Amino acid sequence: MEKPGGGGVLSAKEAFEKLEKVGEGTYGKVYRAREKATGKIVALKKTRLHEDEEGVPPTTLREVSILRMLSRDPHVVRLMDVKQGQNKEGKTVLYLVFEYMDTDLKKFIRSFRQTGQTVPPQTIKSLMYQLCKGVAFCHGHGILHRDLKPHNLLMDPKTMMLKIADLGLARAFTVPIKKYTHEILTLWYRAPEVLLGATHYSMAVDIWSVGCIFAELVTKQALFPGDSELQQLLHIFRLLGTPNEDVWPGVSKLMNWHEYPQWNPQSLSTAVPSLDELGLDLLSQMLKYEPSKRISAKKAMEHAYFDDLDKRHL
Amino acid sequence: MPLDHHLFLEEIKMAHRYPKPLLDTLYCLKDHIHWEEEQVEDDEYSSSTTTTITNTNTDTSSVVFLEHDLFWDREELSSLLAKEHQNQLSNTLQKNLVLASSRQEAVEWILKVNAHYSFSTLTAVLAVNYLDRFLFSFRFQNDSNNNPWLTQLAAVACLSLAAKVEETHVPLFVDLQVEESKYLFEAKAVNRMEILVLSALGWQMNPVTPLSFLDYITRKLGLKGYLCLEFLRRCETVLLSVFAGEGGRMLQADDGGCVWVPMRRENDPS
């Protein structure tokens with residue numbers, strides 16, 4: 001079989017030994033693999049290009065381009081290479097070669113739920129600081145992630161390092177942020193302005209997701225586990241109170257706004273009982289209804305909740 | 001007021017990048033915008049438009065918005081300038097008139113299709129950026145003399161890629177080729193050219209563009225709502241005119257700053 005691409009350049013198939021399939025990304029399958037030349041373990045994300053169709057998928061294009069911009073930060077997963085190959089039928093396949101991380105935050109939280117233990121407070125603090133730092137880095141480079149959730153936060157359980165992954169829905173933004181289609185996003189971590197039909201996203205949609213993840217680390221349960229868009233909103237309103245023009249100017253003009261049952265806000269401590277005062281304050285600032293009032297990732301890093309965290313290795 | 005002080009410091013920094021006459025223009029325009037902003041508040045139609053554009057009209061919220069964004073200040077401009085260095089283009093066009101001619105045709109085609117589909121200005125800027133970087137990649141230059149259709153095929157691929165990066169709806173390859181051209185390419189050819197372009201550009205598809213600087217400048221001026229959109233619309237119109245102008249001049253990213261001069265003339269009350 002002749003090598004595609006000519007002398008010296010190994011095809012993806014020849015360069016890597018697939019070990020096992022470990023998941024499905026936004027667009028395509030993900031494998032754990034070993035690079036034959038170095039023995040290094042990597043994650044291969046495979047995207048098939050149908051030559052009779054419309055070329056490189058936008059999600060792949062955005063993810064690679066954005067990761068090219070972001071790969072310097074230790075809290076964003078590192079894209080090591082992009083390789084073209086051909087599958088058995090001769091179709092072109094793209095392989096994104098990522099550093100491999102053993103687990104993700106979803107599995108990490110589940111393991112604590114199964115044993116009945118709580119996640120140690122200092123571990124929560126360290127993970128949250130790393131998450132805020134990674135998000136601040138993305139936002140500082142004009143990138144919205146838009147799909148932050150525990151499954152997309154990769155972890156090394158030995159070092160407790162955390163990295164943001166799966167930027168297939170991420171967008172580079174400029175002012176004013178252009179109107180975007182209503183794309184599929186995981187419901188539980190979705191900001192209320194998105195649920196209510198705002199199409200002009202801002203960095204605040206990621207901060208809302210960070211807040212939901214924060215609460216979930218503490219309680220080991222999703223904070224707002226809705227199974228439809230309406231149920232998602234009602235979950236939020238039951239805890240934070242049904243929003244009105246006083247607490248969120250402009251909310252009643254959003255496209256999906258309706259009459260909703262009127263709930264009064266509850267204290268966050270009822271939902272996250274074991275979190276201390278400083279943590280509750282930070283969480284409340286991440287879950288402000290009005291997007292422009294939500295804390296930024298960079299300001300979150302400066303919050304007093306993180307004061308006693310040893311940040312030298314983060 | 002701490003905010004004004006901060007803005008002033010930023011303007012001092014910008015003096016290193018832009019010549020003094022431009023800074024004078026900047027001050028003048030700033031005053032003018034302030035007046036225009038007050039005018040907008042008196043107009044019912046404009047107020048209505050403002051309401052639909054932003055969620056709030058209160059001054060307090062606007063200040064908070066500015067505060068929320070200010071954390072970009074120290075690093076953002078230097079970050080843009082550092083990245084811009086990577087985008088500097090060679091002078092190859094001056095030595096290759098055949099390429100210059102086919103490039104200009106390709107740019108004109110991109111602008112027409114962009115207008116046809118009401119794509120954003122950023123989509124057009126990205127597409128031209130990709131095309132220029134691709135044309136100047138080493139391996140392509142020799143081929144283009146023998147195959148002028150390659151430049152047009154590259155233009156189709158570059159516009160498709162730009163639309164995928166920036167637009168929410170991307171037309172099919174065949175539908176994208178709506179404007180008159182000597183060539184019509186089938187999907188398979190555009191597909192392969194997309195991969196070729198991506199490889200040549202190292203998949204770096206979010207470059208610094210003139211619009212990146214306009215983004216920064218707009219926020220420094222504290223423009224918001226309708227005024228922000230109107231300002232950006234005019235700047236974008238000027239940028240596209242430069243693209244379409246005689247010679248199809250290539251934009252450097254910081255040409256966003258030069259937009260101030262024609263903007264000032266346009267807004268002069270006299």
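**Stop 1: A:Glu193**

Start by selecting A:Glu193, which sits in helix α5 (residues 192-195) of chain A. Keep in mind as you go that this is a predicted model. Is A:Glu193 buried or exposed? Its relative accessible area is 5%, and because buried means under 20%, A:Glu193 counts as buried. To see what surrounds this side chain, leave out residues up to four places away in sequence and show its contacts: A:Ala198, A:Ala204, A:Val205, A:Trp248, A:Tyr289, A:Pro291 and A:Arg294.

**Stop 2: the α6 and α8 pair**

Now colour helix α6 (residues 204-219) and helix α8 (residues 277-286) of chain A. Two packed helices are described by the angle between their axes and the distance between the axes. Here the axes come within 8 Å and cross at roughly 145°, and the crossing is left-handed. Which residues meet where these helices touch? From α6(A), show A:Ile207, A:Trp208, A:Val210, A:Gly211, A:Phe214 and A:Ala215; from α8(A), show A:Gly279, A:Leu282, A:Leu283 and A:Met286. This contact between α6(A) and α8(A) is made of 8 nonpolar and 2 polar residues, with no charged ones.

Stay with α8(A) and select its buried residues: A:Gly279, A:Leu280, A:Leu282, A:Leu283 and A:Met286. Turn the view to look down the axis of α8(A); the buried residues fall within an arc of 165°, so they line one face of the helix. An α-helix has 3.6 residues a turn, so residues three or four places apart point the same way. What do the buried residues of α8(A) pack against? Their partners are α4, α6 and α9 (297-301) of chain A.

**Stop 3: a hairpin and its neighbour**

Next, pick strand β2 (residues 28-35) and strand β3 (residues 41-48) of chain A, an antiparallel pair with 5 bridges. Together β2(A) and β3(A) make a hairpin with 5 residues between them. Within that turn, click on A:Gly39, whose phi is positive at about 80°.

On the other strand pairing of β3(A), the partner is strand β5 (residues 92-99) of chain A, running antiparallel and joined by 7 bridges. A:Lys45 is a handy residue to select here: A:Lys45 is the bridge partner of A:Val30, and A:Lys45 also stands opposite A:Leu96 in β5(A).

**Stop 4: a three-stranded sheet**

Move on to the open sheet of 3 strands in chain A, ordered β6-β8-β9 with antiparallel pairing. Its edge strands are β6 (103-104) and β9 (161-164), each pairing on one side only. Strand β8 (residues 153-156) of chain A is joined to β9(A) by 4 bridges, and you can find A:Asp156 opposite A:Met161 in β9(A). Then add helix α4 (residues 121-140) of chain A, which packs on this sheet and touches β8 and β9; the direction of α4 makes about 30° with that of β9(A).

**Stop 5: over to chain B**

Finally, switch to chain B, which has 16 helices and 0 strands. Of the 270 residues in chain B, 51% are buried. Among contacts in chain B with a separation of 6 or more, 78% come from residues 24 or more positions apart.

End your tour at B:Leu196, in helix α12 (residues 187-200) of chain B. At 38% relative accessibility, B:Leu196 is partly exposed. Select B:Ala157 as well: these two residues are 39 apart along the chain, and their C-alpha atoms are separated by 9.3 Å.

Key:
Residues are numbered from 1 along each chain as its sequence is written. Chains are lettered from A and ligands numbered from 1 in the order in which they are written. This is a predicted model: local features need pLDDT of at least 70, side-chain atom pairs count only at pLDDT 80 or more; totals for chains, interfaces and linings use all residues. Side-chain values use heavy atoms; hydrogens and water are left out. Helices (H or I, at least four residues) and strands (E, at least two) are DSSP runs, numbered from the N terminus. Buried means under 20% relative accessible area, exposed over 50%, partly exposed in between (1.4 Å probe, protein chains only). Contact means heavy atoms within 4.5 Å. Two strands pair if DSSP finds at least two bridges between them. Axes are lines fitted to C-alpha atoms, for helices over the stretch in contact, and angles run from 0 to 180 degrees between N-to-C directions. A crossing is left-handed if the near helix is turned anticlockwise from the far one by less than a right angle, and right-handed if clockwise. Ala, Val, Leu, Ile, Met, Phe, Trp, Tyr, Cys and Pro count as nonpolar, Asp, Glu, Lys and Arg as charged, and the others, Gly among them, as polar. The arc is that of the directions from the helix axis to the C-beta atoms.
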